[in-house]
Amino acid sequence: MARKKIALIGAGQIGGTLAHLAALKDLGDVVLFDIVDGVPQGKALDLSQSGPVEGFDARVTGTSEYKDIEGADVVIVTAGVPRKPGMSRDDLLEINLKVMEQVGAGIAKYAPEAFVICITNPLDAMVWALQKFSGLPANKVVGMAGVLDSARFQHFIADELKVSVEDVTAFVLGGHGDTMVPLARYSTVAGIPLTDIVKMGWMSKERLEQIIQRTRDGGAEIVGLLKTGSAFYAPATSAIAMAESYLKDKKRVLPAAAFLNGEYGVSNTYVGVPIVIGAGGAEKIVEITLNSAEQKAFDKSVGAVEGLVEACKKIAPKL
Ligand code: TXD
């Protein structure tokens, strides 16, 4: 059986880490694409030279031509610009929207059968635009944020309670931004909901709320420390988990930005919800019941995403 092909659009911090992880996990051959000539080729050569040490045979190549992504099984998109001092969120939206238009055209032409995972920010609006620009079916285009946000929540809980991360599950809904909704009721330690952990006196309600806030601010905390650029190890590993579930038809239930068409009372919008990822792409949207406080927080988050989508439509009327 021929090896799978994984195309990475954007060979920056996350793109390079994605390539490394995909090769280490033997997911398939990797094509790194970037508009900056030399960077994808240089990273690909460096990674290829790690192959003999690690014992992977995956071919890692770098390119600036879309034709090289032809026939990719998975495409992961990190292309775009991060925010620089003095730039507004709208500036970022406008620039990255143009990038999504180019990337969408490249995918439509050369990898229309691929499962596409978008990572570029502002995530929920960019994955929405990428699906529209590429014209791929909505179940084959998803956004990565929920796995990362949940992993941050899991890490903080495990660290606080001094238990293994393996026994902590976490659940984060909504858009990838300040309005994301970490759900304590559906997050557990060995199956015990965090709300019960508080009742048992293992953690105070105040401490749990601090951890929830730290999860919401998880990206900003790292940007503040790094000063140049944003998180890349955990974002990359999160997207790889999604790609692996698709390639191996694992049918994992993972939170991801998915196209909602009536689910959760939301239409024509991408927002973070639990989905089943298997060989059919986003095979199922899992609709959980929310209590009134959770529903209110979710609605607020959807409202923030819809605001960004409206801004996209103003900039690119054909959307
Ligand atoms: O949870 C999440 N979704 C995120 C999202 C978590 C962390 C970071 N998140 C966002 O991912 C971040 O705000 C950025 O929008 C992306 C990529 O982050 P990364 O840290 O990898 O950014 P880099 O290092 O700046 O890499 C972006 C690359 C860079 O090499 C550019 O030359 C390239 O994108 N680029 C392009 N490639 C192809 N085509 C076009 N048009 C293009 N424009 C820039």
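Here are some questions and answers on how the labels for this predicted model come about.

The model is predicted, with local features needing pLDDT of at least 70 and side-chain atom pairs counting only at pLDDT 80 or more, while totals for chains, interfaces and linings use all residues. Residues are numbered from 1 along each chain as its sequence is written, and side-chain values use heavy atoms, leaving out hydrogens and water.

Q: Why is Ile 35 called exposed?
A: Its relative accessible area is 69%. The labels run like this: buried is under 20% relative accessible area, exposed is over 50%, and partly exposed is in between (1.4 Å probe, protein chains only). So Ile 35, at 69%, counts as exposed. You'll find Ile 35 in the loop between strand E2 (29-33) and helix H2 (39-54); helices (H or I, at least four residues) and strands (E, at least two) are DSSP runs, numbered from the N terminus.

Q: What makes Ile 35, Val 36 and Val 39 a nonpolar patch?
A: Patch residues need over 30% relative accessible area and no salt bridge, with nonpolar side chains (Val, Leu, Ile, Met, Phe, Trp, Tyr) joined within 5 Å and like charges within 9 Å. These three form such a patch on the surface, with about 270 Å² of accessible area together. The areas come from the Shrake-Rupley method with a 1.4 Å probe, and for residues only the protein chains shown count as cover.

Q: Why is the contact between Glu 209 and Lys 205 called a salt bridge?
A: The rule asks for a side-chain nitrogen of Lys or Arg within 4 Å of a carboxyl oxygen of Asp or Glu. Here the closest N and O atoms are 3.1 Å apart, so the pair qualifies. Glu 209 and Lys 205 are four residues apart in helix H7 (residues 205-216), so about one helical turn separates them. The structure holds 13 salt bridges.

Q: How do you know that Lys 248 and Glu 244 get opposite sorts of label, buried or partly exposed?
A: Lys 248 has a relative accessible area of 47%, so Lys 248 is partly exposed. Glu 244 comes in at 16%, and therefore counts as buried. Their side chains form a salt bridge, with the closest N and O atoms 2.8 Å apart.

Q: What makes Asp 68 and Lys 67 a salt bridge?
A: Their side chains meet at 3.5 Å, N to O, so the pair passes the distance rule. Asp 68 is partly exposed at 30% relative accessibility, and Lys 67 is partly exposed at 43%. Glu 65 joins Lys 67 and Asp 68 in a network of salt bridges.

Q: Why is the space of about 50 Å³ called a cavity?
A: On a 1 Å grid over the protein atoms alone, a cavity is a set of points where a 1.4 Å probe fits but cannot get out, whereas a pocket is an open set with protein on both sides within 12 Å along at least five of seven lines; lining residues have an atom within 4 Å of a point. The volume is the space filled by probe spheres set on the points, which are joined across faces, edges and corners. The count comes to one cavity of 30 Å³ or more. Its lining has 13 residues, with Ala 145, Gly 146, Asp 149, Gly 174 and Gly 272 nearest the centre.

Q: Which element gives the largest share of the lining of the second largest pocket?
A: Helix H5 (146-161) does, with five residues. The second largest pocket has a volume of about 480 Å³.
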